[in-house]
Amino acid sequence: MCVAKKILFVVLDGAADRPAVDKTTPLQAADIPFLDRLAQEGILGIMDVIAPGTPPGSDTAHLSLLGYTPSEVYTGRGPFEAAGVGIDVRPGDIAFRGNFATVKDGLVVDRRAGRISDTHELSEAIRKQLRLDCEFLFKESAGHRAVLVLRGEDLSPSVTQTDPQHTGAMLHSKPKTNDASSRRTANIVNDFTRQVCSILADHPVNRERTLANQLPANAVLLRGVGSVPQLVPFEQRTGLNAAVIAATALVIGIGKLTGMRYIPTKGATGHVDSNIEEKVKNVNKALREHAFVLLNIKGADEAGHDGNFNAKMHFLTRVDAALSNLTIDESTLVVITADHTTPVSLREHSGDPVPFLIRGKGVRTDQTNAFNEYIAAGGGMNRIRGRDMMPVLMDLLGKGTKFGA
Ligand code: ZN
Ligand code: ZN
């Protein structure tokens, strides 16, 4: 075969940066001999994952990289988070992401309830005692996080959130459009808030927390509402059976909603302490049975949000060492990229293009020999958009869609 057969798509979440310490980026400062070798053997470029100057969210970025058009299919973050924590969501469900929070006299004092680590018992109480005017599913996620899914007729995602996003008054949900479904959904959301506060107020877990001088988790704030979209499965679009290996509910959810098989990894946390070595082992296994594997490694984004240059640099060094244990040959196209830039100087996503490399059979190589934002800008792929990536890869697999005779 003269073309590659499989694709390993590695997203180093938020790895790209702007000039920072000594005018270098964490990718430039990190020790990444394996990625540099792939760069030498492959082709590089830079990519506007959504569009030039548009800071992407992780959700819209991943959709775009996988070949979907976010402006057509993205309804909000809630549906992906809900799918990611294991709720079997259905198209049309209304999904929110939630935070356990500490509320006193109607005021949010801590949006994360003192960073509570385990909300299982509190969530059980909500599942048992809550009665809403529609079918619902509530599930805890990592730390203080949770998801709420409303199911049934006459529901609408066109309602405001209850999370004020900072301390201060807890918000009432209001309909954003003047129709019966939106009004009904806002009422259900406000009913959820009231009942959850009363279920949690005197819960033994919170009594214990208060005695131990910890903030009680006595409310759940909702945001990120969206109607679960109907996505054409990735395999149907590409003919490639796919697996996703990731730690964050969001990316797992995107994989699940696009019909990928989710392969869990022990010790994968989504933080800089994540067990990336185990993830790489899982990738090696997954590639035996799948033609497409999406690997998301989250830590660099977290370090970017923390404004911590050294943590980001050291994490990328560790990622490189872990990736060097990939057992892949030229018949697997490897893509290394980021879903967005998370500059340590901004602590937020920015609209700068991200570097990427493609290595594998049939790839026209270029003169580049290192993987970072600057070298990639001089690579043979020049500058592309996120939505161009899958067509480029499909063409390299010999599955491009011919236009014309
Ligand atoms: Zn991201
Ligand atoms: Zn981020």
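**Two zinc sites in a predicted model**

User: Which protein atoms are the donors of the zinc ion (ligand 2)?
Analyst: This is a predicted model, in which local features need pLDDT of at least 70 and side-chain atom pairs count only at pLDDT 80 or more. Residues are numbered from 1 along each chain as its sequence is written. Donors are N, O and S atoms within 2.8 Å of the metal (3.2 Å for Na, K and Ca), and water is not among the atoms, so sites may look incomplete. At 2.1 to 2.5 Å from the zinc ion (ligand 2), the protein donors are Asp301 (OD), Asp301 (OD), His305 (NE2) and His349 (NE2).

User: Which atoms coordinate the zinc ion (ligand 1)?
Analyst: The zinc ion (ligand 1) and the zinc ion (ligand 2) are 4.6 Å apart. At 1.9 to 2.1 Å, the zinc ion (ligand 1) is coordinated by Asp13 (OD), Ser58 (OG), Asp339 (OD) and His340 (NE2).

User: What is the arrangement of the four donor atoms around the zinc ion (ligand 2)?
Analyst: Four donors count as tetrahedral if all angles lie between 85 and 135 degrees; four count as square planar and six as octahedral if opposite donors are over 155 degrees apart and all others between 65 and 115; anything else is irregular. Because the four donor atoms around the zinc ion (ligand 2) subtend angles of 55 to 143 degrees, the arrangement is irregular.

User: Is His349 buried or exposed?
Analyst: Buried means under 20% relative accessible area, exposed over 50%, and partly exposed in between (1.4 Å probe, protein chains only). The relative accessibility of His349 is 16%. His349 therefore counts as buried.

How values were computed:
Chains lettered and ligands numbered in written order. Heavy atoms only, no water.
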